[in-house]
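Open the model in your viewer and keep the selection box at hand. This tour goes stop by stop, with something to select at each one.

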Amino acid sequence: MRRPMIVLAACALALLPGQPASAAAPWGPLAPPNPFLGPPGAATMHGDAGSSDVTALAGPTAAGAVAAYPLASACPTLLEVSDRLVVALCTAIAGQTPTVHLLDPAAQGPLAGSLAALPLNRGSLLGGVYAYLDQVDRLVVVDGTDRLLRIRHERDATGTWRLISEAFADLGPVLPPGDAVTGLVPDWSGNVWFASGQGVAGFVTATGQVAALALPAGERVANSISSAPSGQVAVATTHALYELRAAASGVPEIVWRAPYDRGSARKPGQLSWGTGSTPTYFGPRTGADYLTIVDNADGQVHVLIFRSGTGELVCAAPVLGEGGPGSENSPVGIGRSVFVASTYGYPYPALPEGAGPAVPPSAPFTGGMTRVDVDGDGCRVVWENTVRSAAVPRLSTADGLLYTVARVGADHTTPLDGYAFTVLDPETGAVTAAQHLPGTVVDDPLQTAPLITQDGHLLQGTVTGILRVG
């Protein structure tokens with residue numbers, strides 16, 4: 001299956017006077033790469049097993065062409081395999097069918113577009129959004145019939161690319177009727193951990209055996225999950241943050257549980273009533289000393305930083321004081337620093353089933369970002385800005401820059417709003433460069449995470465396909 005790629009005229013990447021790009025600061029360390037994941041920084045939606053949203057690859061900081069891949073699908077998950085092709089997990093606009101696409105981000109002209117496509121069985125809105133690449137470049141995903149799939153790509157004798165799916169395990173027997181898996185991650189022993197919307201967490205062993213436990217009644221999981229080299233797996237429900245592990249008896253067990261302030265209702269610009277964070281591992285010694293989420297407290301929200309292994313609350317700090325008080329996005333975490341972006345008031349076109357009403361029903365999208373550092377046994381806010389991030393920011397340790405896509409327009413959003421590829425200095429929060437992107441509402445990034453490739457491209461999923469910068 002081939003689709004045309006539309007190449008658009010390049011727009012100048014303007015450096016702002018007096019705001020130099022940060023030199024490659026000694027950001028880190030990151031946790032060691034998970035041996036059961038694909039290329040570091042590009043194997044999960046949030047880059048790695050710890051969901052750091054950090055990459056060791058440099059982004060496109062010079063003026064360059066912008067290309068669009070119009071796939072008629074929303075594409076939240078973009079992963080790069082070892083051969084530098086990109087696997088995209090998208091949801092087709094027509095029929096809401098999850099579809100895996102294989103793309104060549106370096107291709108131009110008639111060779112560009114989807115090299116191969118594989119529709120999957122349909123599940124819930126969030127089911128199938130989170131997937132990852134394993135150590136042999138297979139996409140690991142759960143389809144709408146609760147089958148854990150491994151999808152590889154290969155080229156036949158005629159040179160045609162194919163996507164081939166193999167079922168590895170059936171999770172249906174451990175899930176309640178109507179439930180769906182929302183998060184997947186491997187641990188450092190090779191177990192494939194999962195968490196479901198209705199609060200079932202567990203893992204699949206290397207031999208395909210499934211073990212699971214039910215989290216407390218009424219707690220839902222609306223985001224992905226993360227793992228650390230210690231063997232712990234982090235799950236954030238709509239009520240509490242957990243670390244789990246595989247017990248010696250071969251079943252999952254809870255290491256600790258920490259409730260947080262979930263507020264009195266779902267906020268506008270969030271997809272569930274509770275934290276919008278995929279838990280993020282980070283830390284100054286092992287790269288996974290700490291675990292962080294953002295709460296959903298009424299009014300001011302807070303970044304909460306816990307000690308991995310014990311659940312001790314290291315510190316909490318108010319964030320997003322310059323912007324909207326709520327975040328659906330996973331924080332960026334590395335070394336002693338956490339970066340949080342506001343999604344309060346963001347106009348998502350659809351909500352998951354059971355999301356519940358927002359209070360208030362809507363709000364302006366004012367945006368805003370905050371950096372918080374762990375300082376001794378406390379937290380301090382380093383900076384806040386008013387950038388209206390429309391994507392999950394990504395930090396590069398190669399060039400010391402923070403990348404996102406900003407929404408351009410009035411705070412009261414309209415379908416005519418535009419978007420701009422935006423580069424920030426993580427030391428100060430200042431915008432160092434901005435490049436206009438094509439399109440209006442059809443190119444909405446929907447607060448999804450970008451992918452920085454080995455060739456220095458930045459790919460951003462949108463509501464109708466993918467944009468490439470550089």
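Does threonine 462 count as buried or exposed? With 3% relative accessibility, threonine 462 counts as buried. Keep in mind throughout that this is a predicted model.

**Stop 1: threonine 462 and its hairpin**

Select threonine 462 first. It sits in the loop between strand 34 and strand 35. Now show its surroundings. Leaving out residues up to four places away in sequence, threonine 462 touches Ser73, Ala74 and Cys75. It also touches Val442, Asp443, Asp444, Pro445 and Leu467. Remember Cys75 from that list; it returns at the next stop.

Widen the selection to residues 458-461, which are strand 34, and residues 465-469, which are strand 35. The two strands run antiparallel and are joined by 4 bridges. A hairpin of 3 residues connects strand 34 to strand 35. Pick out leucine 459: opposite it, in strand 35, stands arginine 468. How many residues of strand 35 are buried? The count is 5 of the 5, so strand 35 is largely enclosed by the rest of the structure.

**Stop 2: the disulfides**

Select the cysteines. Searching the whole structure turns up 2 disulfides. Counted along the chain, the bonded cysteines follow the pattern 1-2, 3-4.

Zoom in on cysteine 75 and cysteine 90, joined by a disulfide with an S to S distance of 2.1 Å. Cysteine 75 belongs to strand 5 (residues 73-80) and cysteine 90 to strand 6 (residues 86-92), so this pair ties together parts 15 residues apart in sequence. The torsion about their S-S bond is about 105 degrees, so the disulfide is right-handed. Cysteine 75 and cysteine 90 are both buried.

Move to cysteine 315 and cysteine 379, where the S to S distance is 1.8 Å. This pair links distant parts of the chain, 64 residues apart. Cysteine 315 lies in strand 24 (residues 313-319), and cysteine 379 lies in strand 28 (residues 378-385). The link is right-handed, with 60 degrees about the S-S bond. Now colour by accessibility. Cysteine 315 has 7% relative accessibility and counts as buried. Cysteine 379, at 22%, counts as partly exposed.

**Stop 3: an open sheet**

Next, show strands 17 to 20 as a cartoon. These 4 strands form an open sheet in the order 17-18-19-20, with antiparallel pairing. Which strands stand at the edges? They are strand 17 (226-227) and strand 20 (252-259); each has a single partner strand, so one side of each is left without a neighbour in the sheet.

Focus on strand 19, residues 240-246. It pairs with strand 20 in the antiparallel sense over 7 bridges. To see one of these pairings, select leucine 244 and its bridge partner in strand 20, isoleucine 254.

**Stop 4: the nonpolar cores**

Finish with the side chains shown. The largest nonpolar core has 51 residues. Select Val100, Leu139, Ile151 and Leu184, which have the most contacts inside this core. Then centre on valine 100. Leaving out residues up to four places away in sequence, the residues it touches include Val87, Ala88, Leu89, Ala116 and Ala117. Leu118, Leu120 and Leu163 are also among its contacts, as are Leu139 and Ile151.

Another core, of 20 residues, lies apart from the largest one. Select Ala390, Tyr419, Ile452 and Val469, which are among its members.

Technical notes:
Residues numbered from 1 in each chain as written. Predicted model: local features only at pLDDT ≥ 70, side-chain atom pairs only at ≥ 80, totals over all residues. Heavy atoms only, no water. Pairing = 2+ DSSP bridges. Disulfide = S-S within 2.5 Å. Buried < 20%, exposed > 50% of the residue type's maximum accessible area, 1.4 Å probe, protein only. Contact = heavy atoms within 4.5 Å. Core = buried A, V, L, I, M, F, W, Y, C linked by side-chain atoms within 4.5 Å.
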